[in-house]
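Let's take a walk through this one together, going from the whole chain down to single residues. Have the sequence and the coordinates open as you read.

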Amino acid sequence: MERCWVPEKRIAVVAEKPKAAEKIALALAQGRPVKCSVNGIPVWVLRHNGSWVVVAPSAGHMYGPHSRRRGYPVFDLEWRPLWEFESGSRHLYKFYQALKRVLPGSMLYVNACDYDVEGSVIGYMIILHLGDVRRARRMKFSSLSPVELRRAFHRLEPLDMEMVEAGMARNELDWLWGVNVSRALMDAVRRVSGRRVILSAGRVQSPTLVEAVRRWRELNLHVPEPRFTVWVEVEWRGERFRLTLAEPQPSTRSEAAEVVRSVKNAGALRVVESSSRRARVRPPPAFNLGDLQSEAARLYRYSPAKTQQLAEDLYLDALISYPRTNSQKLPPTIDYKSIIASLTASPLHGALAARLLRETGGVLRPVQGLKEDPAHPAIHPTGQVPSQPLDRDHARIYDLVVRRFLAAFAGDAVVARNTVAAADSEGRLFKASGVKVVVEGWLHYYPYARPGEERVPAPPPGSLLRVVNAGFKTYYTKPSQGLSRMELLRWMERVNIGTEGTRARIIETLFKRGYLESRGGRVAVTGLGEAVASIIESLFPDLATPDLTREFERMLEDIQAGRRSRAEVVESAKRVITMLINSFRERLDEVGEELALTLGYARPTVACVVCGRHAEHEVGGYTLCTRHAEAVRRMASKVPLVARRLGVSPEDVVRRLAEGWGHAGAWVVEAAKVAVRDPGFMKLVTSRPG
């Protein structure tokens, strides 16, 4: 690249990333833009409608809240270049120098960063520090397609100051919570052990960690309970199919075996109800980010962060619209017919697009979901076909987006559902149901949602079904909630904390801080994560639940809607933080001791007989840590019940638990292993409390 010549009279356009800057320059240039270099950073110079335009990229956030004050609480902050105080942001210095060379003295400044609160803040801060916000305008677009970029440049709007203020407030709140609570935790460890350790907490991060730990505890404390499913294979008019017992359910193994014997001896079931009906199934709406992350996790086991990054790559390649959206709606302002017509040239989706245009006759009315986003529509393809083959991961996400988009315009699917209910001689009710796709409709475009088909006939009431075979299956209960990146993200969505663009990043932060880790493909909470969550629950209870965080999220929405000021919301946060810090200081040494024990900086005075960790409890003469004290309580409550249902002794159940039987939690397994070796401990875990 040649060195840049910066015209004296120019329009300066600030893009969020180099790839976006290039797309903008190519869309606006009359002819080819000149790509040149300023301090090694690419900048594009071009002519547009007789004016010189310089498009320069940022690399995400260039500025952030900072304070030179040590200690806590600290409330005096200023926005400074990130490279000045963040060791991981040194690469931003080159971008800063390039922008400093290009921006000052421009006739007009255009914020062309992504149209969301983050992009609004990124562009505003750059123009504020290096240009003149009085001569600044905003480009609003939902994709990097040339047509949309040119339209956005011709319709420049005033700076979106409500979004800027909301974005600045979000960053300031996160900084105030994170710095003050993190410094408090680190100070507690230093006072007790003399060690310096990096710990962190946050407004959204902390309730998410506490939820992860709550789920982790339940997974590890789970005592599986047996359930029994009785099945009967029957024949009617030469066709065999299977029914399962609906009611009453057997509560013990012996009851299940008795039902099987009774059904076999009877030899037949009598149909009491039979139905055959067809149902229309509406197409699903186009994806928002959460739905796309959920589907990619279901089909390909991608983490939410990976799916988000892949989607953002596709957006920067101008293949899909802006992915960080909550919308499930496709507005009529977009020319969908042109998009679908363009897709007919795709070797992957061309046949599908052509078929959809034939089926609809070009009359395109998409299904609309319930969720909306004021800034962007649902994720959809731009119509541009990849210029070269995508790698497997990008191709999968692109395929999901295109297919779900096409499906939203397609006709209903039609499925036939047959249901049969039959009774035995004792009045026990058995049921079977089958599904068959009769009309594919939208399922042809999005086959990933196709139901599993099973053939079940519809014999009329009164028909006798000959019993061919019968049996029962024993299965064991699983924990009611799992722990995965996707499940945490769905929880964050449900309780409304974080945003579409930040949730996956916050979850990954918990891994970077050492609070969560991956073990054999599964998410696990570390001892440090447990300790920090325990302290937050104890000393910062308002941070342990989503309630306070959700309240501040509403305040941020009020800023964006013009109902509150940034100063008002930030001052409210300062008052809450001050109250929490004052309460924390009263128990500083206690917190430090707990963290020091967890980090291995102090030895436990009393050890747990199961794991050797610090013991906080004495149960039946045994010293136990909190996790194993609760495991003993759960086992004592459930083991006798499980034994009765299986028809074995409680001791036999404990021996099975010690072998990792069923879906037994790890802490239960550890306690069971001690019980197998120690008769006194065995009595402890097999005796109902009280």
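A residue is called buried here when its relative accessible area is under 20%, exposed when that value is over 50%, and partly exposed in between. By that yardstick, 54% of the 690 residues of the protein chain are buried. Keep in mind that you are looking at a predicted model.

First, the overall picture. The chain's secondary structure adds up to 23 helices and 20 strands. Along the principal axes, its C-alpha atoms fill a box of roughly 95 × 75 × 45 Å. Now take the contacts between residues at least 6 apart in sequence: 72% of them join residues at least 24 apart.

With that in mind, let's look at how helices meet. A pair of packed helices is described by two things, the angle between the axes and the distance between them. Start with helix 6 (residues 205-220) and helix 13 (residues 485-495), whose axes come within 11 Å and cross at roughly 125 degrees. An angle between 115 and 145 degrees falls in the oblique class, and helix 6 and helix 13 are therefore oblique to each other. The crossing of helix 6 past helix 13 is right-handed. On the helix 6 side, the contact involves P207, T208, E211, A212 and R215, and these meet E487, L488, W491, M492 and R494 of helix 13. Sorted by class, the residues of this contact are five nonpolar, one polar and four charged.

Stay on helix 6 for a moment, as V213 lies there too. Is V213 buried or exposed? V213 is buried, because its relative accessible area is 0%. Leaving out residues up to four places away in sequence, V213 touches V525, G529, E530 and A533. There is also a long jump in sequence to notice: the C-alpha atoms of V213 and L516 are separated by 9.2 Å, although the two residues are 303 apart along the chain.

For another helix pair, go to helix 22 (residues 666-677) and helix 23 (residues 679-686). Their axes come within 5 Å and cross at roughly 130 degrees, and that makes helix 22 oblique to helix 23. Here helix 22 passes helix 23 in a left-handed crossing. Helix 22 brings A671, V674, A675, V676 and R677 to the contact, while helix 23 supplies P679, F681, M682 and V685. The class count for this contact is eight nonpolar residues, no polar ones and one charged.

Helix 5 (residues 161-193) offers a residue worth a stop, R190. With 36% relative accessibility, R190 counts as partly exposed. Apart from its neighbours within four places in sequence, R190 is in contact with R195 and R196. R190 and L595 are 405 residues apart along the chain, and their C-alpha atoms are separated by 10.0 Å.

Next, some backbone details. Most residues other than glycine have a negative phi, and most peptide bonds are trans, so departures from either pattern deserve a look. Which residues does a cis peptide bond join in the loop regions? One such bond joins Y72 and P73, with omega about -5 degrees; P73 sits in the loop between strand 6 (63-66) and strand 7 (78-81). Another cis peptide bond joins E247 and P248, with omega about -10 degrees, and P248 is placed in the loop between strand 12 (239-247) and helix 7 (253-266).

Phi gives us two more stops. N49 has a phi near 50 degrees, a positive value in a residue other than glycine, and A318 has a positive phi as well, near 65 degrees. N49 is in the loop between strand 4 (41-48) and strand 5 (51-57), whereas A318 is in the loop between helix 9 (304-316) and helix 10 (336-343). N49 counts as exposed because its relative accessibility is 55%. A318, at 1% relative accessibility, counts as buried.

Our last stop is S37, in strand 3 (residues 34-38). Its relative accessible area is 19%, so S37 is buried, given that the cut-off is under 20%. The side chain of S37 reaches the backbone nitrogen of G40 at 3.2 Å.

Note on methods: Residues are numbered from 1 along each chain as its sequence is written. This is a predicted model: local features need pLDDT of at least 70, side-chain atom pairs count only at pLDDT 80 or more; totals for chains, interfaces and linings use all residues. Side-chain values use heavy atoms; hydrogens and water are left out. Helices (H or I, at least four residues) and strands (E, at least two) are DSSP runs, numbered from the N terminus. Buried means under 20% relative accessible area, exposed over 50%, partly exposed in between (1.4 Å probe, protein chains only). A polar contact is a pair of N or O atoms within 3.5 Å; within protein, one must be able to donate a hydrogen and the other to accept it, and residues adjacent in sequence count only if both atoms are side-chain atoms. Axes are lines fitted to C-alpha atoms, for helices over the stretch in contact, and angles run from 0 to 180 degrees between N-to-C directions. Angles under 35 degrees count as roughly parallel, over 145 as roughly antiparallel, 65 to 115 as roughly perpendicular and the rest as oblique. A crossing is left-handed if the near helix is turned anticlockwise from the far one by less than a right angle, and right-handed if clockwise. Contact means heavy atoms within 4.5 Å. Ala, Val, Leu, Ile, Met, Phe, Trp, Tyr, Cys and Pro count as nonpolar, Asp, Glu, Lys and Arg as charged, and the others, Gly among them, as polar.
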